[in-house]
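Trainee: Please choose one part of this structure and look at it closely with me. I would like to see how the reasoning runs from a single side chain out to the rest of the chain.

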Amino acid sequence: MALSLGLWSCSDSWEPNADKSGSVALAGMEVEVDNAEKVVSRAAVDKNDFLVRIYDDKETLVGNWVYGNMPEIVTLKVGDYRVDVMSHEVKKSEWDAPYFLGSKTFSVADSKITEIGTIVCKFSSLKVSVRFDEQLRKVLGDDVTVTVKANDSGALIFTPDETRSGYFEVVKGSATLTLAFAGTVKGNYEEIINAYTDIEPGQHRIVTYSLRGPGGDVPDESGTVDPNEGIDIDVSYTDENLNGNVDDEEENLDPSDRPGQEEDPDDPNPPTPPVTDEGAIDITSDALSFDEPNGLDKGDLAIVNITAEKGISHLNVEITTDNDNFRQAVSEMLPLEFDLAEPGDQKAAFEGLGFPTGDNVIGKTELIFDIRQFIPLLDSFSGLHSFKLTVTDSNGKQLSKTLTFKS
């Protein structure tokens, strides 16, 4: 026995279950599409065309079928597996083609039949709709377009007459959506760039362009404004989670501030007053905007002030960009995601750029995050580059804000 064990230990190719197998009953596997009616009419989702793929624990593809034409049963070696079910091969960008994805893990035992059960596929790409209000349409030139970009290369061009929605693959490490409005508005050529961060699978970003006067008032029904005062284009968006939750843009107001929710002095059960926020966290900058892209001319002022009443425990930074060359250049120097409180082997590299690390972060209630040395590196790479800062305090409370620079 000792000799046998010794021989086995010297063989890298020996697998204890190499000659054992079991069966997987694909005939009983059901596929459901969750909340499809929120994305597209349920009748338009044909599950028979969905792709079914099985991978082993080494991510090797061991089975590949179309759901409507699968074998009733397949034989696999004993081990752990994952089955992915997807609506189609996702593309970087595409019109009217929502991507649904579901996964499930299972194990195959020797001489046993495994039932996979039901797999729920959820909307897993990003849906973008671009809208123009009627008053703005009246003063738009024929050259107006809105170019929408997401992930590392996906792009679609919307015109005012476009009624379709665009769908974009969501890529890890690239969480910025940009919209570039360009064209003639009331005889003047306008260019407006907006960037939205924290893109996640399952979102529907609805961006609306509307006409506003310089004072913020809506023009009259004809869409006319005083030519001596000019016009403004207002850009607003709503964010809907098509996997079940809806995020609107309403602020968290005290109930007494909401119309119709004023406190009644005669109410025998008045509402409980809100709890005062303790251990506040804040991320601010005197010169930089967290709401719109910053120009590189502000590089000399690229300083962020961080405060955390309970002390900082983590300062995470995530760098995203729509320029592949910049992404590669940064990757050669630094990881695209890192925690300055726990810098590891990158401590010297971070400090060389002027970033605080380790004990200069942990426990601090006030911290200056200075990126002035980093901003000049952007000058050689055109595009939008974002820095998402997430501060976690000693109680686990978090705050995230994103700085975006346009070069």
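Mentor: A residue is called buried if its relative accessible area is under 20% and exposed if that area is over 50%, with partly exposed covering the values in between. W95, with a relative accessible area of 24%, is therefore partly exposed, and this residue is the part I have chosen. Please keep in mind throughout that we are looking at a predicted model.

The structure holds 11 aromatic pairs. In the one that concerns us, the ring centres of W95 and F158 lie 4.9 Å apart and the ring planes meet at 65°, so the pair is edge-to-face. The two partners come from distant parts of the chain, since W95 belongs to strand β7 (residues 93-95) and F158 to strand β13 (residues 154-158), with their positions 63 residues apart in the sequence. They also fall into separate classes of exposure, because W95 has a relative accessible area of 24% and is partly exposed, whereas F158, at 0%, is buried. W95 has a charged neighbour as well: R164 lies over the face of its ring, at 4.3 Å from the ring centre. The picture around W95 is thus an edge-to-face partner, F158, together with an arginine, R164, over the face of the ring.

Following F158 outward leads from β13 into an open sheet of four strands, whose order is β13-β12-β15-β16 and whose pairing is antiparallel. Strands β13 and β16 form the edges of that sheet, each pairing on one side only, and neighbouring strands are turned by 15° against each other on average when direction is ignored. F158, buried as it is, therefore sits in a strand at an edge of the sheet.

At the other edge of this sheet we reach a hairpin. Strand β15 (residues 177-185) pairs with strand β16 (residues 188-196) in the antiparallel sense over nine bridges, and the register can be followed through residue pairs such as A182 opposite E191 and L179 with its bridge partner N194. Two residues lie between the strands of this hairpin, and K186 takes a positive phi near 50° there.

That angle deserves a comment. Most residues other than glycine have a negative phi. Two further residues depart from that tendency, and both lie in loops between strands. E59, with phi near 65°, is in the loop between β3 (51-56) and β4 (61-66), while S111, with phi near 60°, is in the loop between β8 (100-108) and β9 (113-115). E59 is partly exposed, at a relative accessible area of 49%, and S111 is exposed, at 64%.

For comparison with the sheet that holds F158, consider another open sheet, made of three strands in the order β20-β22-β25 with antiparallel pairing. Its edges are β20 (281-284) and β25, and because each has a single partner strand, one side of each is left without a neighbour in the sheet. The twist from one strand to the next averages 15°. Strand β20 pairs with β22 (residues 303-308) in the antiparallel sense over four bridges, and I281 stands opposite A308.

A308 is also one of the residues touched by T365, whose contacts beyond its sequence neighbours include I306, T307, E309 and G311 as well. T365 lies in the loop between α5 (347-352) and β25 (366-370), and is partly exposed, with a relative accessible area of 40%. Although T365 and T307 are 58 residues apart in sequence, their C-alpha atoms are 5.4 Å apart in space.

Aromatic and charged groups can be traced elsewhere in the chain too. F338, F350, F355 and F369 form one aromatic cluster, and K401 lies over the face of F290, at 5.2 Å from the ring centre.

Seen as a whole, the protein chain has five helices and 27 strands, and 41% of its 407 residues are buried. Among contacts between residues at least 6 apart in sequence, 64% join residues at least 24 apart, and the link between W95 and F158, which are 63 residues apart, likewise joins distant parts of the chain. The surface that the chain exposes amounts to about 22300 Å², of which carbon and sulfur atoms supply 46%.

Definitions and conventions:
Residues numbered from 1 in each chain as written. Predicted model: local features only at pLDDT ≥ 70, side-chain atom pairs only at ≥ 80, totals over all residues. Heavy atoms only, no water. Buried < 20%, exposed > 50% of the residue type's maximum accessible area, 1.4 Å probe, protein only. Contact = heavy atoms within 4.5 Å. Areas by Shrake-Rupley, 256 points an atom, 1.4 Å probe, with all protein chains shown as cover. Pairing = 2+ DSSP bridges. Axes fitted to C-alpha atoms, helices over the stretch in contact; angles between N-to-C directions. Phe/Tyr/Trp six-rings, centres within 6.5 Å; stacked < 30°, edge-to-face > 60°. Lys NZ or Arg CZ within 6 Å of the ring centre and 35° of its normal. Lists of a residue's contacts leave out its neighbours within four places in sequence.
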